Amino acid sequence: MGLSKTSSFGARENRIADLAKALAHPARIAILEFLARQDACICGDIVDQLPLSQSTVSQHLAELKRVGLVKGETEGPRVCYCIDKAAWDEARHLLAEFLTNIRKCC
């Protein structure tokens, strides 16, 4: 079996692609916007804010956690979610740099 497509590219390209993939769904954007407006981690309010089932919201949160944009901590039977500020700063820097470099060439 050959190399995976991602192994043909550098860590930076793979990270940007991973972030872009995680951001490529309107429900995830809505989740991030909701979490960004909160002063604390949110346990159960996310589902109340979206027209999606609990299981669908959980799948989207899992993808956001996978790329590190959201962190979740278990508090009893619930998981409380919030934006991971360090990962968000990294994403903002990488995406801004990428978009700026593309803009310069076109």
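**Pocket lining, salt bridges and nonpolar core**

In the predicted model, the largest pocket is lined by L35, A36, Q38, D39, A40, C41, K71, C82, I83, K85 and W88. The volume of this pocket comes to about 190 Å³. When the lining residues are sorted by side-chain class, 7 are nonpolar, 1 is polar and 3 are charged. Three secondary-structure elements, namely α2 (26-36), β2 (78-83) and α5 (85-105), each contribute at least two residues to the lining of the largest pocket.

Helix α2, one of the elements that supply the pocket lining, has A27, R28, I31, L32, F34 and L35 as its buried residues. These residues cover an arc of only 160° around the axis, and therefore lie on the same side of α2. The exposed residues P26 and A36 are carried by the face of α2 that is turned away from its buried side. Two residues of the pocket lining, L35 and A36, can thus be placed on the helix: L35 belongs to the buried set of α2, whereas A36 is exposed on the face turned away from that buried side.

The buried side of α2 can be considered together with the nonpolar core. In soluble globular proteins, nonpolar side chains tend to be buried together. In the present model, the largest nonpolar core comprises 22 residues, among which I31, L35 and I46 touch the most other members. Two or more residues of this core come from each of α1, α2, α3 (45-49), α4, β2 and α5, and α2 gives the most, with 4 residues. L35 accordingly appears both among the core members with the most contacts to other members and in the lining of the largest pocket.

Charged side chains were examined next, and the count of salt bridges comes to 5. One of them is formed by R12 and E97, whose closest N and O atoms are 3.3 Å apart. This pair links distant parts of the chain, since R12 is located in helix α1 (residues 11-23) and E97 in helix α5, 85 residues apart. Both partners count as partly exposed, R12 having a relative accessibility of 33% and E97 a relative accessibility of 31%.

A second salt bridge joins D18 to R66, with the closest N and O atoms 2.7 Å apart. Because D18 lies in helix α1 and R66 in helix α4 (residues 54-66), this pair ties together parts that are 48 residues apart in sequence. D18 counts as partly exposed at 24% relative accessibility, and R66 likewise counts as partly exposed, at 45%.

R66 also forms a salt bridge with E63, for which the closest N and O atoms are 2.7 Å apart. E63 and R66 are 3 residues apart in helix α4, so about one helical turn separates them. E63 has a relative accessible area of 14% and is therefore buried, while its partner R66 is partly exposed. Through these contacts, D18, E63 and R66 are linked in a network of salt bridges, in which a pair within helix α4 is combined with a pair between helix α1 and helix α4.

Methods: Residues are numbered from 1 along each chain as its sequence is written. This is a predicted model: local features need pLDDT of at least 70, side-chain atom pairs count only at pLDDT 80 or more; totals for chains, interfaces and linings use all residues. Side-chain values use heavy atoms; hydrogens and water are left out. On a 1 Å grid over the protein atoms alone, a cavity is a set of points where a 1.4 Å probe fits but cannot get out, and a pocket is an open set with protein on both sides within 12 Å along at least five of seven lines; lining residues have an atom within 4 Å of a point. Grid points are joined across faces, edges and corners, and a volume is the space filled by probe spheres set on the points. Ala, Val, Leu, Ile, Met, Phe, Trp, Tyr, Cys and Pro count as nonpolar, Asp, Glu, Lys and Arg as charged, and the others, Gly among them, as polar. A salt bridge is a side-chain nitrogen of Lys or Arg within 4 Å of a carboxyl oxygen of Asp or Glu. Buried means under 20% relative accessible area, exposed over 50%, partly exposed in between (1.4 Å probe, protein chains only). The arc is that of the directions from the helix axis to the C-beta atoms. A nonpolar core is a set of buried Ala, Val, Leu, Ile, Met, Phe, Trp, Tyr and Cys residues joined through side-chain atoms within 4.5 Å.
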